[in-house]
Amino acid sequence: MKAAVVIFPGSNCDRDVIHALEAVSCIPTQAVWHKETSLPQDTGLVVLPGGFSYGDYLRCGAMAARSPIVPAVREHASRGGLVLGICNGFQVLTETGLLPGALLANISLEFICSNCLLKVERTDTPFTSAFKKGQIVQFPIAHHEGLFFLPENELEELEANGQVVFRYASADGSAGQQYSPNGALNGIAGIVNKGGNVLGLMPHPERASERILGSSDGLGIWNSIKEWLEGRSK
Amino acid sequence: MDHRKAGLLDSEYEIICRELGREPNEAELRIFGVMWSEHCSYKSSKPLLGLFPKEGPAVLKGVGENAGVVDAGDGWGLAFKVESHNHPSAVEPYQGAATGVGGIIRDILAMGARPMASLDGLFFGNPDSRKTIFLSNGIVKGVGGYGNCVGVPTVGGKTFYDARYEDNPLLNAFCMGLVNAESIVSSQTAEPGNLVVLLGSKTGRDGIGGAAFASVELGEDTKASRPQVQIGDPFVEKLLIEACLEALENSLVTSMQDMGAAGITSSASEIAAKSGVGMILDLDKVPLREADMSAWEIALSESQERMLLIVLPEKLELVLSLGEKWDLDCAVIGKTVEGDRFILEKGGSVAVDLPASLIGGGCPEIRWPAITPANLANRQTFELENEILPSDLAESLLKLIGSPSLREKTWITRQYDSMVQVNTIQGPGAPLSLVRIKENGNIAAITMEALPWACQLDPFRGGYETMARSLRPLWVAGARHLGMTNCLNFPSPENPEQFWEFSEAVKGLAECCVDLGCPVVSGNVSLYNESAGLSILPTPLVCSVGLISSGESPLLPGNWKEGDILYLVGMDNAAIPASHFQVTCMGMLKGLPVPPSPEMERDFKERAILTAGKNVADSAIPILGGGLGIALCKEAISSGLGAEIQLGTPTLPAVSLFGEGGARALYAVPSVKAFEFLRIWKGFPVRQVGNVRGESLRLPRSTPLPIETLLKAWRGV
């Protein structure tokens, strides 16, 4: 099965994700323009890439969540297909309701581009099977709206369900809100839906997929996905 | 309308009347006022720019296009240019800076290149003044706001503070893009019978006369100039980039031009003049943001995010559908014809009818008188023996590393996306930026350098040293230089002493380029950076680009290993004059910077490149601002290791440690490789200055400085 990367007007990490999937990880990948209404045949993974869809002029991701391609992505997810939203893509996923919560402006009210340490909280998802539980990985962030927010009771439910997959952390393995570069509640950097087939995260694994770029920890994501896709193809 | 009000000299107006055989009408007069302004015509600087060497084996496209292109290997080219947006940033910092970034990106796009890396040069006044805080915050947010959204990483830059930039901050924006060498777009390829298509944003009243505004001193009430500053829309720019690249990929356009200063007029007349065709444009066809715009307003509007495409009639359908795909306005606004007429029609009648070649090429050069400044001798008077130098080296070092221009700039760089496009090997905060080229595995190396203090004391030496200093980090990392671009920021050329400084600085730059074989492939001149009697320092800014071949690893700083031997290569004659030490620790700016030494530079270059290629050093850093002391500090901080330093030089310790200038670098070499390292540098001044050891920097006869202490001083906490 292959990967489909949706390009919204203003997406700017689409080519980066395609590079990480195709050139680095040898996963067959196809770009899909947001005005399409169906996904390519044999799509196992849909990626909503980072960027500034529609300039982020309304709420981040709100316009893209109403693009013609979105119903097809929704249906793909409901059938158990994988959906990965990175940065702006995560914002789009929360706007579509495929993932709970909202991404608010960073607590500093400034754009932050920086390397971050993350703790892998779950390894039983199709996106993280190649990691070790509790592993500390380094992915960069680059966003202005990355403060993950949920009302308290829903946040408790999210935690109780074990939906938090990545948490901002320190090198010694402790994780939590005090390590959030952006003020994200409970240090949440990435979450899955209840089914575990839709992942949204603010950090960019595609920017950490080659040693020459400073980290290849992101390969864990692509390798996990590849294994899952190959398992489904058999 | 009076021609003087349009900004034209009497002599210029006479030429226009003579060439036309009549008086120009109002619209035509306004067009000449803008197109013959300093900003568009380079009339004051042209004779000087002729000094720059423009040819070189790596040059694929040189000066004269929107940007220069150099050979990046395997059929790929790097298009790059640096440009100022000083006046707009002084008036409306966020938008001024944002549109500066947007403008230079379109220059690169106009070459057919995909923009892949930006750098920004920032020059601010007193760091603690409310004005500087306001301007610097706005400018930094503007650079980030635009660059982050448009998806071009800001991978480096330069930040410099001096009170003389208080009212005239500088923003110099550099961009580099990658282009298939066979599909470089030229503005010389239009032919009669082509269609002229406007793609991108609608045209409004913003930025009208911006070029003319950039060609005079800033008024005291800068708020009054706000309407002349354009408003940027990075989202539309992103769509425009993708649409234009898709059009080029499918061979849909014959020629292309970005719309910057003087909008439709300059982009269209430039293509017409360079291609040797005439052009008839119907201004009624231009998509407008507001109704009732007059012909000259449409012709000169500097609304952002627009490109002018020259299209064959049979390709029009596809171009229009591309506009539709990317939700961009796309309109045929005219056609090219035989001849040299540049005709603008509105409401069915001719509003402008001029020879295309006269608009962009007719402005006569001005040779301003140059006089050696009366206070030059005084500026250059400095006797080291007569000065009492601060004696505590550790204290001076801490003061220096916490000084405004040398301290950590994370507050700036973390607001920039420096990693998008997944090519950034070395981002902001290093002596150079490194960007890998996925298409062929080579690595592009970029530096940005400016030395206003040295240029103030001796503009020739300052210019020479600026150029050399922009190249040294490339060599130390193992890159061979391909070419340079420059932005010449100066005050009014009408003041003979200031024009002398301008001339000398350009001569210094040019001589260094000739000596070291570095072609100048593009550039920009920004004059009149002064207001209310306060002029900026002479600020020629240089960006040099080099290449490291695939398979070779760059030699980077920040990688000291315990036990490494520290070698300083280069002469011991670094100068206190124009150094950060002199300004920050001695509170003065006087004397003479180091003289040029072309043989040393060439020798240094070959040995530095060899050192990187032979993999004999763990870490290397060129000696830049703040001298050896700051180089040691930065290496210690980024390596997390200390060192024991023995200077043992014939000169004063403060001079060895804090003097600046000349080809010098600090290498950390593992002892097993010392022999091979020394063999490479045999016959060049090289001296062991210490060893990497422990967790403190120990200068001779000084209190040890723990890394933590250095870090705190650097971060200003």
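Helices (H or I, at least four residues) and strands (E, at least two) are DSSP runs, numbered from the N terminus. Keep that handy for the tour, where every stop is a selection to make in your viewer.

What you have open is a predicted model, in which local features need pLDDT of at least 70 and side-chain atom pairs count only at pLDDT 80 or more, while totals for chains, interfaces and linings use all residues. Residues are numbered from 1 along each chain as its sequence is written, and chains are lettered from A and ligands numbered from 1 in the order in which they are written.

**Stop 1: chain A**

Select chain A and colour by secondary structure: you should find 5 helices and 11 strands. Its radius of gyration (taken over C-alpha atoms) is 16 Å. The globule rule, 2.2 Å times the number of residues to the power 0.38, gives 17 Å for 234 residues, so chain A is as compact as a globular protein of that length. Its C-alpha atoms fill a box of roughly 45 × 35 × 35 Å along the principal axes.

Of those 234 residues, 58% are buried; here buried means 20 or more other C-beta atoms within 10 Å of the residue's own, exposed means 12 or fewer, and partly exposed is in between, with C-beta atoms placed from the backbone.

Now zoom to D42(A), in the loop between β2 (29-33) and β3 (43-48) of chain A. Is D42(A) buried or partly exposed? It has 13 C-beta neighbours inside 10 Å, so it counts as partly exposed. Check its backbone too: phi is positive, about 70 degrees, although D42(A) is not a glycine. Most residues other than glycine have a negative phi.

**Stop 2: chain B**

Switch to chain B, with 25 helices and 28 strands. A compact globule of 717 residues would have a radius of gyration near 27 Å, and the 26 Å of chain B agrees. The C-alpha trace spans about 85 × 55 × 45 Å along its principal axes, and 62% of the residues are buried.

Two residues are in contact if their C-beta atoms, placed from the backbone, lie within 7 Å. Among contacts in chain B with a separation of 6 or more, 84% join residues 24 or more positions apart.

**Stop 3: an open sheet**

Select β1 to β6 of chain B. These 6 strands form an open sheet in the order β1-β2-β3-β6-β4-β5, with mixed pairing; two strands pair if DSSP finds at least two bridges between them. β1 (59-61) and β5 (154-161) of chain B are at the edges with a single partner strand each, so one side of each has no neighbour in the sheet. On average, neighbouring strands are turned by 25 degrees against each other, direction ignored.

At the β1 edge, β1(B) and β2 (residues 68-73) of chain B pair in the antiparallel sense over 2 bridges. Show V59(B) and you will see V70(B) of β2(B) opposite.

Next add α6 (residues 93-109) of chain B, which packs on the sheet and touches β3 (76-84), β4 (114-124) and β6 (170-180) of chain B. The direction of α6 makes about 25 degrees with that of β6(B); axes are lines fitted to C-alpha atoms, for helices over the stretch in contact, and angles run from 0 to 180 degrees between N-to-C directions. Then add α7(B), lying across β4, β5 and β6 of chain B and running at about 180 degrees to β4(B).

**Stop 4: where the chains meet**

Show both chains again. How many residues of chain B are in contact with chain A? There are 22, touching 22 residues of chain A. On the chain B side, α7 (130-150), α9 (234-249) and β14 (424-426) each supply at least two residues.

**Stop 5: around A299(B) and A262(B)**

Centre on A299(B). Leaving aside neighbours within four places in sequence, its contacts include A27(B), G263(B) and L344(B). Then step to A262(B), in the loop between β8 (255-258) and α10 (263-275) of chain B. This is another non-glycine residue with a positive phi, near 65 degrees. With 30 C-beta neighbours inside 10 Å, A262(B) counts as buried.

**Last stop: T584(B)**

Finish at T584(B), in helix α20 (residues 580-585) of chain B. It has 20 C-beta neighbours inside 10 Å and so counts as buried. Not counting residues up to four places away in sequence, T584(B) touches K399(B), L400(B) and S403(B). Draw a distance from T584(B) to S403(B): their C-alpha atoms are separated by 7.1 Å, with the two residues 181 apart along the chain.
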